[in-house]
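Here are my notes, written as I'd talk you through it at the bench. Keep the picture open while you read.

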Amino acid sequence: MQTNISKFVLMFKQKKIRLFFERNGFAVSTRLAEVLGMKVKSVRLFFIYASFTTLIGGFLMYLTLAFWLKLKDMIYTKRSSVFDL
């Protein structure tokens, strides 16, 4: 069982980690826009569009491969006798 002091230390560490990422992680698009000389809005829109494209592209690839495998199974079925034609 954890004592109150160890719970406090754990909460303090979690809060410290969260604050670190809030200070340094959420300004990624701002820093990238400054380095590239672009507007921040354009960089954020690029990340949004890229994430949707990746998600939709993966789903379309899955559907294409599933259709291809189903078609292959329909074409290359093993026939056991002449009467199955």
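1. Before anything else, a word on helix axes: an axis here is a line fitted to C-alpha atoms, for helices over the stretch in contact, and the angle between two axes runs from 0 to 180 degrees between their N-to-C directions. You'll want that for point 4.

2. Keep in mind that this is a predicted model. How sure is the predictor? The average pLDDT for the chain is 84, and 88% of the residues score at least 70. Confidence is lowest in helix α1 (residues 4–24), with a mean of 79, while helix α3 (residues 40–75) has the highest, at 92.

3. Now the overall layout. You'll find three helices and zero strands in the chain, so to speak an α-α-α pattern when you read along the sequence. As for burial, 4% of the chain's 85 residues count as buried.

4. Have a look at where α2 meets α3. Their axes come within 8 Å and cross at roughly 120°. That makes α2 oblique to α3, because the perpendicular range stops at 115 degrees and the antiparallel one begins over 145. The crossing of α2 past α3 is right-handed. On the α2 side, the contact is made by S29, T30, L32 and A33, and on the α3 side by V40, V43, R44 and F47.

5. Pick out S29 from that group. This serine sits in helix α2 (residues 28–36). Is S29 buried or exposed? S29 is buried, because its relative accessible area is 11% and the cut-off for buried is under 20%. If you skip the neighbours within four places in sequence, S29 is in contact with V40, V43 and R44. Those three also turn up in the α3 side of the helix contact, so try clicking on them together with S29.

6. Next, the aromatics. A search of the whole structure finds two aromatic pairs. One of them is F20 with F21, an edge-to-face pair with 5.4 Å centre to centre and 75° between the planes. Why edge-to-face? Because 75° is over the 60 degrees needed for that label.

7. Last one: how open are those two rings' residues to the outside? F20 is partly exposed, with a relative accessible area of 48%. F21 is exposed, at 52%. The labels differ because the line between partly exposed and exposed is drawn at 50%, and the two values of 48% and 52% fall on either side.

How values were computed. Residues are numbered from 1 along each chain as its sequence is written. This is a predicted model: local features need pLDDT of at least 70, side-chain atom pairs count only at pLDDT 80 or more; totals for chains, interfaces and linings use all residues. Side-chain values use heavy atoms; hydrogens and water are left out. Rings of Phe, Tyr and Trp (its six-membered ring) pair if their centres lie within 6.5 Å; planes under 30 degrees apart count as stacked, over 60 as edge-to-face and the rest as tilted. Buried means under 20% relative accessible area, exposed over 50%, partly exposed in between (1.4 Å probe, protein chains only). Helices (H or I, at least four residues) and strands (E, at least two) are DSSP runs, numbered from the N terminus. Contact means heavy atoms within 4.5 Å. pLDDT is the predictor's confidence in each residue, from 0 to 100. Angles under 35 degrees count as roughly parallel, over 145 as roughly antiparallel, 65 to 115 as roughly perpendicular and the rest as oblique. A crossing is left-handed if the near helix is turned anticlockwise from the far one by less than a right angle, and right-handed if clockwise.
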